[in-house]
Each structure stands twice: as structure tokens, then as C-alpha cells.
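Here's a quick tour of one protein model. Keep the 3D view open and follow along as you read.

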Amino acid sequence: MTTANDTHTSTKSARPLRNSASAPVRSEAASFAPPAEQPQRRGPAKRYTPTVPRVVTADKGPAKTLTPRPACAHGNYADYYGKRSTRGEWVDRRLPLLEKSWIEGKNVIDVGCNAGVVTIGLAALFAPKHIEGVDIDPTLVRKARARLALRGSLVKMQANNIISLSDDKTPVEAMDVDDESLASALPSRQDLDYFPTSCPSLYGSMPVVEHDEYRGEGTDNSDGAGLFPHNVTFRCGDWLHEPNPSRAEFKKDVIVAFSITKWIHVNHGDAGLERFFKRCFNTLTPGGCLLLEPQLFETYRKAPVLFTRTMDENVRNAKLKPEDFESYLIETVGFQSVEKLGVPENRAAGFKRAVYRYVK
Ligand SMILES: C[S@@+](CC[C@H](N)C(=O)[O-])C[C@H]1O[C@@H](n2cnc3c(N)ncnc32)[C@H](O)[C@@H]1O
């Protein structure tokens with residue numbers, strides 16, 4: 001609330017009057033006389049500099065001016081994987097921390113899927129029955145769909161126009177990776193990259209056909225074949241504010257929530273984060289798991305994003321810190337167990353974050 005003392009107003013009448021004795025007196029005619037001829041400056045027009053909004057940060061110091069990047073306020077970076085991935089690798093380094101049996105034949109949702117790299121990697125390598133990537137940013141969802149169409153066009157086709165990669169694990173040497181543990185989790189590159197990218201570039205991508213029987217509606221999981229790329233769909237939505245799933249077919253066996261808690265926390269505060277965790281729990285089938293990669297609290301303010309006043313207050317008032325997630329998820333939300341899966345290698349220290357598996 002502003003008080004009269006807080007508000008500094010300056011009006012014309014408040015300006016100190018000139019000392020009439022010392023001030024030169026100008027006649028009315030003089031005050032309307034045309035200005036003395038100035039040499040005409042014909043230099044380049046002055047560039048317009050837009051005003052950068054000023055944002056007050058948590059500390060009491062002077063207001064800080066940040067470069068506005070409102071488009072990334074949800075962590076929806078356009079080139080997230082360009083920064084995150086090691087050059088030449090197309091498989092995200094978090095995937096080898098996961099066991100194929102957790103995903104294979106299961107209904108999975110990747111919340112905050114960005115451009116779909118993790119979603120597509122999981123779909124191709126771990127053969128879920130169906131995986132749905134959801135992101136709040138429509139541009140990223142379009143990118144994810146385009147990526148799926150491209151990757152789906154490179155895989156080896158079988159007679160029924162569908163390929164199952166589930167049993168095909170092979171060679172280290174076929175992959176562009178320098179890490180054996182990573183490569184051993186992968187199927188053969190010969191099958192995944194059977195066609196060169198010049199094929200879809202020249203002739204267009206193969207259509208990705210959504211088969212109802214792979215969408216987990218009305219079928220049991222036993223025949224979940226993981227038929228990439230037809231086991232993937234992407235959609236745009238604010239997952240936090242969608243209604244809770246109650247019908248069995250909307251439940252998921254696995255929720256992937258990588259690098260999203262910070263953005264939920266920053267935008268919606270403790271209340272939003274609690275809602276997010278409870279929603280994860282309610283969405284899961286009994287025995288289902290939440291694969292969680294939380295960001296550290298110290299990184300919240302490092303984001304190159306324009307913080308609004310609300311975001312700033314959310315961070316300042318945060319009580320449910322990432323170090324408390326484990327006790328909160330087990331004792332309050334109701335997960336049965338938690339396992340730390342490891343910390344993936346990454347050249348950028350900021351991406352060396354632990355991944356956890358919470359079981360309902
Ligand atoms: C930092 S990126 C992480 C991307 C991906 N999960 C990964 O780790 O590779 C966070 C993503 O979450 C998305 N996101 C944030 N809030 C969301 C919400 N309420 N619903 C859906 N997506 C959201 C952002 O648009 C962004 O693409």
C-alpha cells in the first residue's frame with residue numbers, strides 16, 4: 001500500500017521561483033521571436049530506444065533493470081536442448097538413468113515436454129504403450145510434432161508400416177556418444193536412423209498415425225508394443241490447471257517431470273507447487289511412478305527471465321524448498337518410496353541435477 005509519504009509527486013507549482021531581481025526579463029515579443037538560426041543538422045535520425053521495464057527485486061537495493069524475456073517465463077526456452085545436450089548426441093543423458101521395464105508397455109505423460117526430445121527418446125528407446133507430451137507453449141508443441149515427424153520418418157519400416165524397437169539393443173560404436181552406459185541403453189542406430197534426413201527433406205515426412213489401440217483407451221497394457229512413432233502424441237496445455245483425472249483411462253503409469261518444478265514454483269508459489277505434486281499423485285495408477293528432476297533453489301534467481309513482481313514474491317516467500325520435496329512427497333502427498341537414480345553427466349554444471357523416482 002502506498003502512503004502519502006511514499007509517493008513523491010512533483011508539480012510545476014512546486015518548482016522554486018526565480019529570483020526576480022537577478023532573472024533577466026524577456027519581453028513578450030522576445031519570448032515569441034523565432035529562434036536564432038541554427039545550423040541544420042542532417043545526420044542520421046536518432047534511434048528509438050524502447051524503455052525497459054524496471055523490476056524491483058527481493059533485496060532492498062536499487063531497482064534492477066532486466067532484459068525482458070517474458071516469452072520464457074515458464075522455462076519455455078526455444079533452444080533448451082541446444083544448451084542442454086552435448087553436441088552430436090540425440091539421446092538425452094537422463095534417459096540411461098531409467099530402467100526400460102518402468103516404461104515399456106506403459107501409459108506415460110511427459111509434463112513440460114518442451115520440444116519433445118525426452119518424450120521422443122523415451123518413445124523410441126523404451127517402447128511405452130503411449131506417451132503424451134504436454135507443454136504450455138504452443139510453439140514448442142509444434143516443434144515437438146515436427147521433430148516427431150522427422151524422427152519417425154528415419155526409422156526402418158516393417159511390413160505393417162510400424163517398427164518395434166523394444167528388443168533391439170545394440171552397439172556402442174553405432175552411436176555418436178562417448179559414454180558406454182548411455183550407448184548400451186540404446187537400440188541400434190541402423191534401425192532408428194535407417195533413412196537419411198535427406199529423405200524427409202526431399203520428399204516430406206511420413207505421417208504419424210495415431211492408432212486408438214496405442215492410446216491406452218479400452219485396452220490393457222499387456223500388448224503394449226511401443227510402436228514408434230505411433231505411440232507418441234503432443235498437446236498444448238497448462239497441465240497444472242487442468243481438471244484432475246478421475247476416469248481410469250486418463251490415469252498414467254508414469255509421469256516424467258524433468259526440470260519443471262522451478263517454473264511451477266516461480267509462477268505459482270508454494271500453493272501451485274503443492275497442487276502440482278498432488279495432481280501428479282492423483283494422475284498415477286497405484287504402483288505408478290513419478291520421475292522427478294527438481295532444480296535447486298539457488299538456481300531460481302539465475303534464470304535469464306524477467307521476473308514479475310508476483311514471481312519475485314513467490315520466490316521470496318517460498319517455504320517448500322527442493323530439499324524438502326522428499327519429506328513432503330512421502331509424508332504429506334502419500335508416495336510410498338523414493339529412490340535417487342543418479343546425476344547425469346553434463347558439461348554444463350547447471351544441468352548436473354539428480355533424478356528421483358517416487359512410487360505411489
Ligand atoms: C526447462 S523446460 C524442461 C523441458 C523438459 N522437461 C526437459 O527437462 O528436457 C520446462 C518446460 O516446462 C513447460 N511448462 C512450464 N509450466 C508448464 C505447465 N503449467 N504446463 C505445461 N508445461 C509447462 C515449459 O513451457 C518448458 O517447456
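## The sheet

Let's start with the sheet of this predicted model. Its 7 strands line up as β7-β4-β3-β8-β9-β11-β10, forming an open sheet with mixed pairing. At the edges you'll find β7 (232–236) and β10 (337–342), and each has a single partner strand, so one side of each is left without a neighbour in the sheet. Go from strand to neighbouring strand and you'll see a turn of 20 degrees on average, direction ignored.

Here's a handy rule to keep in mind while you look: side chains in a regular strand alternate between the two faces of the sheet.

## Strand β8 and its neighbours

Now zoom in on β8 (residues 252–258). How many of its 7 residues are buried? The count is 7 of the 7, so β8 is largely enclosed by the rest of the structure.

Who sits beside it? On one side, strand β3 (residues 107–111) runs parallel to β8, and 3 bridges join the two. If you want to spot the pairing, find D110, whose bridge partner in β8 is V256. β8 is also joined to strand β9 (residues 284–293), this time by 6 bridges, and this pair runs parallel too. Here you can look for V254, which has C289 as its bridge partner in β9.

To get from β8 to β9, follow the chain through helix α9 (residues 261–283): together the three make a right-handed β-α-β unit.

## Helix α5

Next up is helix α5 (residues 138–154), which lets you try a quick check. With 17 residues at 1.5 Å a residue, α5 should span 24 Å, and its end C-alpha atoms are 25 Å apart, which agrees.

Which residues of α5 are buried? They are L140, V141, A144, R147, L148, R151, G152, S153 and L154. It helps to know that an α-helix has 3.6 residues a turn, so residues three or four places apart point the same way.

## Around the ligand

Finally, find the ligand. There are 22 residues around it, and G75, N76, G112, N114 and F258 come nearest. Sorted by class, this shell has 13 nonpolar, 6 polar and 3 charged residues. β4 (130–135) and α9 each supply at least two residues of the shell.

Methods. Residues are numbered from 1 along each chain as its sequence is written. This is a predicted model: local features need pLDDT of at least 70, side-chain atom pairs count only at pLDDT 80 or more; totals for chains, interfaces and linings use all residues. A residue is buried if 20 or more other C-beta atoms lie within 10 Å of its own, exposed if 12 or fewer, and partly exposed in between; C-beta atoms are placed from the backbone. Helices (H or I, at least four residues) and strands (E, at least two) are DSSP runs, numbered from the N terminus. Two strands pair if DSSP finds at least two bridges between them. A crossover is right-handed if, with the strands pointing away from the viewer, the path from the first strand over the helix to the second runs clockwise. The expected span of a helix is 1.5 Å times one less than its number of residues. A residue is near a molecule or strand if its C-beta atom, placed from the backbone, lies within 6 Å of it. Ala, Val, Leu, Ile, Met, Phe, Trp, Tyr, Cys and Pro count as nonpolar, Asp, Glu, Lys and Arg as charged, and the others, Gly among them, as polar. Axes are lines fitted to C-alpha atoms, for helices over the stretch in contact, and angles run from 0 to 180 degrees between N-to-C directions.
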